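The following account leads the reader through one protein structure, from its overall dimensions to individual side chains. Please keep the sequence and the model in view while reading.

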Amino acid sequence: MPKIKGICISEKRGTQKTEVSKAKLLKNWGLENDAHAGNWHRQVSLLSYDKIQEFRARGADVALGAFGENLIVEGINFRSLPVGTRFRTGDVLLEMTQIGKECHSHCAIFHQVGDCIMPREGVFAQVLEEGEIAVGDEMEVIPPDPNRPMSAAVITLSDLGFKGQREDKSGPEAVRLLEEFGYDVKETLLLPDEKELLKRQLCRLADQRQIHVIFTTGGTGFSLRDNTPEATQEVCERMANGIAEAIRAHSMTITPRAMFSRAVSGIRNTTLIINLPGSPKAVRESLEFLLPHLEHGIGILKGTQGNCAR
């Protein structure tokens, strides 16, 4: 049975975590007195003790907590598990929400030895049930709940919206309809019309958060700043443009201006990415047409449903 080998906290951001023998995990927050806890999806960071030992075998003298991890567990390869995996230790129940992280400013370990394992081997979790834990406690791995709602993310692309010069109504309308159809909207973002920034966020949501479906709204027209289709194509491994074509065909029954949409849809790993128009009205019309049928396609992508043959 996997065991907790270390518990680490930092009372102030920007300082290295230090070991404690026991701690309390608070529901929807994280470790009590840890500066990185909060009501978000990265409440607790976890790292495999086995991966730390492999790193030490390369000649690096690193203490537990040096990579910024909260919990160090022996016997679990966190990187191999899917988002949604749960971990039970005593009264505490955690659910994995993200694999790895972006490293914008390299930590002290990276500057010392030129490498850090946390961005690629570490994972993050939220606290579903709280309680106390101690070094030496056993940890049970529980597969993701097959009946959990499908996850979604919504990204609005708008230079004016990002500057605060225009209210984003399209993103909230997409969220409203998705929740009405039973989706669990994990993140909403408002970005400027910058292709590389959108690509980074699409990759993060697909690779690290393993979101089932990402919707973008805006940036699909003829303007020189409309880069959403190009960003989507560049991050996707396979295109699924039957979805975009169906939305366009439906929109053509409402307005001939739908012919000017360059929206695409595609697949990255097991995440579906769908471009929507920029106006709240068009978002509503598109999703009301699409959502009654989308669950089947996502089910095929997830491997929980068969193909379309009858």
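A residue is called buried when its relative accessible area is under 20%, exposed when that value is over 50%, and partly exposed in between. By this criterion, 48% of the 310 residues of the protein count as buried. The structure is a predicted model.

The overall architecture comes first. The protein has 9 helices and 17 strands. Its radius of gyration is 22 Å, close to the 19 Å that the globule rule gives for 310 residues, so the protein is as compact as a globular protein of that length. Along the principal axes, the C-alpha atoms fill a box of roughly 65 × 45 × 35 Å. Among contacts in the protein with a separation of 6 or more, 72% are made by residues 24 or more positions apart.

The strands may be considered next. Strands of a sheet pair through backbone hydrogen bonds, either parallel or antiparallel. One open sheet consists of 3 strands in the order E4-E3-E10, with antiparallel pairing. Strand E4 (30-31) and strand E10 (131-134) stand at its edges, and each has a single partner strand, so one side of each is left without a neighbour in the sheet. Strand E3 (residues 22-26) is joined to E4 by 2 bridges, and the two run antiparallel. Leu25 has Leu31 in E4 as its bridge partner.

The loop between E3 and E4 contains Asn28. Most residues other than glycine have a negative phi. Asn28, although not a glycine, has a positive phi of about 55°. With a relative accessibility of 36%, Asn28 counts as partly exposed. Another asparagine with a positive phi is Asn269, for which the value is near 55°. Asn269 is found in the loop between E16 and E17, and its relative accessibility of 37% makes it partly exposed.

Strand E9 (residues 123-129) offers a view of a strand that is mostly covered, since 5 of its 7 residues are buried. Strand E5 (residues 44-48) pairs with E9 in the antiparallel sense over 3 bridges, and Leu46 stands opposite Val123 in E9. Strand E8 (residues 92-99) also runs antiparallel to E9, to which it is joined by 6 bridges. In E9, Phe124 is the bridge partner of Gln98. The ring of Phe124 has a further partner: the charged end of Arg42 sits over it, 4.5 Å from its centre. A similar arrangement involves Lys5, whose charged end sits over the ring of Tyr49 at 4.9 Å from the ring centre.

Attention now turns to helix H7. Which residues of helix H7 (residues 228-235) are buried? They are Thr228, Pro229, Ala231, Thr232 and Val235. Seen down the axis of H7, these buried residues fall within an arc of 165°, so they line one face of the helix. The elements against which they pack are strand E12 (151-157), helix H6 (195-208), strand E14 (213-217), strand E16 (265-268) and strand E17 (271-276).

Contacts between aromatic rings complete the picture. How many aromatic pairs does a search of the whole structure find? The search finds 3 aromatic pairs. In one of them, the rings of Phe55 and Phe67 have their centres 5.2 Å apart and their planes at 85°, so the pair is edge-to-face. This pair links distant parts of the chain, with Phe55 in helix H1 (residues 49-57) and Phe67 in the loop between H1 and strand E6 (71-74), 12 residues apart. Phe55 and Phe67 are both buried.

Phe222 and Phe260 likewise form an edge-to-face aromatic pair, at 5.6 Å centre to centre and with 80° between the planes. Distant parts of the chain are linked here too: Phe222 lies in the loop between E14 and H7, and Phe260 in the loop between helix H8 (241-252) and E16, 38 residues apart. Is Phe222 buried or exposed? At 60% relative accessibility, Phe222 counts as exposed. Phe260, with a relative accessible area of 42%, is partly exposed.

Terms used
Residues are numbered from 1 along each chain as its sequence is written. This is a predicted model: local features need pLDDT of at least 70, side-chain atom pairs count only at pLDDT 80 or more; totals for chains, interfaces and linings use all residues. Side-chain values use heavy atoms; hydrogens and water are left out. Buried means under 20% relative accessible area, exposed over 50%, partly exposed in between (1.4 Å probe, protein chains only). Helices (H or I, at least four residues) and strands (E, at least two) are DSSP runs, numbered from the N terminus. The arc is that of the directions from the helix axis to the C-beta atoms. Contact means heavy atoms within 4.5 Å. Rings of Phe, Tyr and Trp (its six-membered ring) pair if their centres lie within 6.5 Å; planes under 30 degrees apart count as stacked, over 60 as edge-to-face and the rest as tilted. A charge sits over a ring if NZ of Lys or CZ of Arg is within 6 Å of the ring centre and within 35 degrees of the ring normal. Two strands pair if DSSP finds at least two bridges between them. The radius of gyration is taken over C-alpha atoms; the globule rule is 2.2 Å times the number of residues to the power 0.38.
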